[in-house]
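Biologist: I would like to go through this structure slowly, asking at each step how a word is earned. Could you show it first?

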Amino acid sequence: MNAVANIPAPIAMLAELTYRCPLSCPYCSNPVEMAKKDSELDTEVWADVFTQAAAMGVLQLHLSGGEPASRRDLVALVRAAREAGLYTNLITSAIGLTQRRLAELDAAGLDHIQLSLQGTDADMADRIGGYKGGFDRKMQAAEWIVEAGFPLTLNAVVHRQNLHQLPQAIEMAVTMKARRMEVAIVQFHGWAMLNRDALMPTREQAEEASRIVAEARVRLKGVLVIDYVPADYHSEYPKRCMGGWGTTGLNVTPDGTVLPCHAAQSIPSLEFDNVRDKSLSDIWYQGDAFNAYRGEDWMQEPCKSCDRRKLDFGGCRCQAMAIAGDAAATDPVCVKSPVHAKMAKLAADFSQDDSAELVYRKSP
């Protein structure tokens, strides 16, 4: 699938504007070694990247970080995205948002806001986020977001320490008048890999979370849409990571590196291009990293002959690298993987350590 004619255009782009963040969440997907502030793309370069993305066919732009509100030029970046014709979504902790700034973002053309939730009360949220007073500021900002008329999605990353709050988190989303909620059991990349022993849910917790979400989806149909990312380490088949490698979306890091997914830099054999050096189109269609795991030619057995290969494309390449030591291996989540038993044992072992302390994310 290396011919340009056979490669679909991307429909979504994640723009990680900065790795700076007032929170210190121990499950953060940012790399442990993060790009410094002085290497961040400036306003003009980002605006050009947005224009290039739209010309390629990208429809949705997700502004993320770190905390994107840490960028003083956030309003200008939103305006540039709107001028490029992109539907623009802000993924934020809400720290750094005021009523005035929300009004400016609204006037600039921001379409949607996703608000992260670390817990359903101040004790839990502030402890996990490592920011005292963060929960109260988040709740105030949520009111402002809804009052301003923005569609609101609540993002809840759940793990062993806060999974018991999942029912309350779902009810909170309804109370906050969120239109959508994403419940994601922690994915072990970036800082979360350093915290597997503190965050890994038990199998019982993972199964209970699936039951709670399934029941809530039925009960709240027409009221709240719930997206769900189940626990990888306790699953039997992998998810279709990123909709397939280099198939639907791309990530641009604060310094302009372009990635097929947010954790792709954990694969040491890959070299990634930068928007400072090449066009976004060249990187997407011709880049070695993007073509490395497109289609099926790269697959090993059992993926190569599996009837699920067009459903999940072999699963997550970064997870295969982390557990199997080979990015081209079958995702160890899969029961057909020769190292599935190893992953199951890791899940059991990590979920039993109640004395493990959190390693908090550090800002660059």
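Modeller: Before we start, keep in mind that this is a predicted model. To say where a residue sits we also need a term: helices, of at least four residues, and strands, of at least two, are runs assigned by DSSP and numbered from the N terminus. With that in hand, K177 can be placed in the loop between α6, residues 166-175, and β6, residues 180-185.

Biologist: Why is K177 called exposed?

Modeller: The word exposed is kept for a relative accessible area over 50%, and K177 has a relative accessibility of 60%, so it counts as exposed.

Biologist: What makes the backbone of K177 worth a remark?

Modeller: Its phi is near 65°, a positive value in a residue that is not glycine. Most residues other than glycine have a negative phi. M242, in the loop between β7 and β8, likewise has a positive phi, near 60°.

Biologist: Is M242 buried, exposed or partly exposed, and how do you know?

Modeller: Buried means under 20% and exposed means over 50%, with partly exposed in between; the relative accessible area of M242 is 30%, and therefore M242 is partly exposed.

Biologist: How do you know on which side of those limits D73 and S269 fall?

Modeller: D73, in the loop between β2 and α2, has a relative accessible area of 15%, which is why it is called buried. S269 lies in the loop between β9, residues 258-259, and α9, residues 280-286, and its 58% relative accessibility is the reason it counts as exposed. The C-alpha atom of S269 is separated by 9.8 Å from that of D326, although their places lie 57 residues apart along the chain.

Biologist: What makes strand β1 a mostly covered strand?

Modeller: In β1, residues 12-16, 5 of the 5 residues are buried. A12, L14 and E16 point one way from the strand, while M13 and A15 point the other way, and all of them are buried.

Biologist: How do you know that β1 pairs with β2?

Modeller: Two strands pair if at least two bridges are found between them, and β1 and β2, residues 60-64, share 5 bridges in the parallel sense. One residue of β1, E16, stands opposite S64 in β2. β1 is also joined by 4 bridges to β8, residues 249-252, again running parallel, with M13 opposite L250.

Biologist: In what order do the strands of the sheet stand?

Modeller: The 9 strands form an open sheet in the order β7-β6-β5-β4-β3-β2-β1-β8-β9, with mixed pairing.

Biologist: Why are β7 and β9 said to stand at the edges?

Modeller: Each has a single partner strand, so one side of β7 and one side of β9 are left without a neighbour in the sheet.

Biologist: Which residues touch the most other members of the largest nonpolar core?

Modeller: That core has 72 residues, and M13, F50 and L280 touch the most other members. Helix α2, residues 74-84, gives the most to it, with 6 residues. A second core of 21 residues lies apart from it, and includes L23, I128, F350 and A356. Leaving out neighbours within four places in sequence, the contacts of F50 include M13, A15, L77 and L86. In soluble globular proteins, nonpolar side chains tend to be buried together.

Biologist: What makes an empty space a cavity, and how many are there of 30 Å³ or more?

Modeller: In a cavity a 1.4 Å probe fits but cannot get out, and by this rule there are 4 of 30 Å³ or more. The largest has a volume of about 100 Å³, and among its 13 lining residues C241, G244, W245, G315 and R317 lie nearest its centre. By class, this lining holds 10 nonpolar, 2 polar and 1 charged residues.

Biologist: Which peptide bond is cis at P302, and where is P302?

Modeller: A cis bond joins E301 and P302, with omega about 10°, and P302 lies in the loop between α10, residues 288-291, and α11, residues 309-312. G65 and G66 are also joined by a cis peptide bond, where omega is about 15°, and G66 is in the loop between β2 and α2. Most peptide bonds are trans.

Note on methods. Residues numbered from 1 in each chain as written. Predicted model: local features only at pLDDT ≥ 70, side-chain atom pairs only at ≥ 80, totals over all residues. Heavy atoms only, no water. Core = buried A, V, L, I, M, F, W, Y, C linked by side-chain atoms within 4.5 Å. Buried < 20%, exposed > 50% of the residue type's maximum accessible area, 1.4 Å probe, protein only. Contact = heavy atoms within 4.5 Å. 1 Å grid on protein atoms, 1.4 Å probe; cavity = no way out; pocket = protein on both sides within 12 Å on 5 of 7 lines; lining within 4 Å. Points joined across faces, edges and corners; volume = space filled by probe spheres on them. Nonpolar A, V, L, I, M, F, W, Y, C, P; charged D, E, K, R; others polar.
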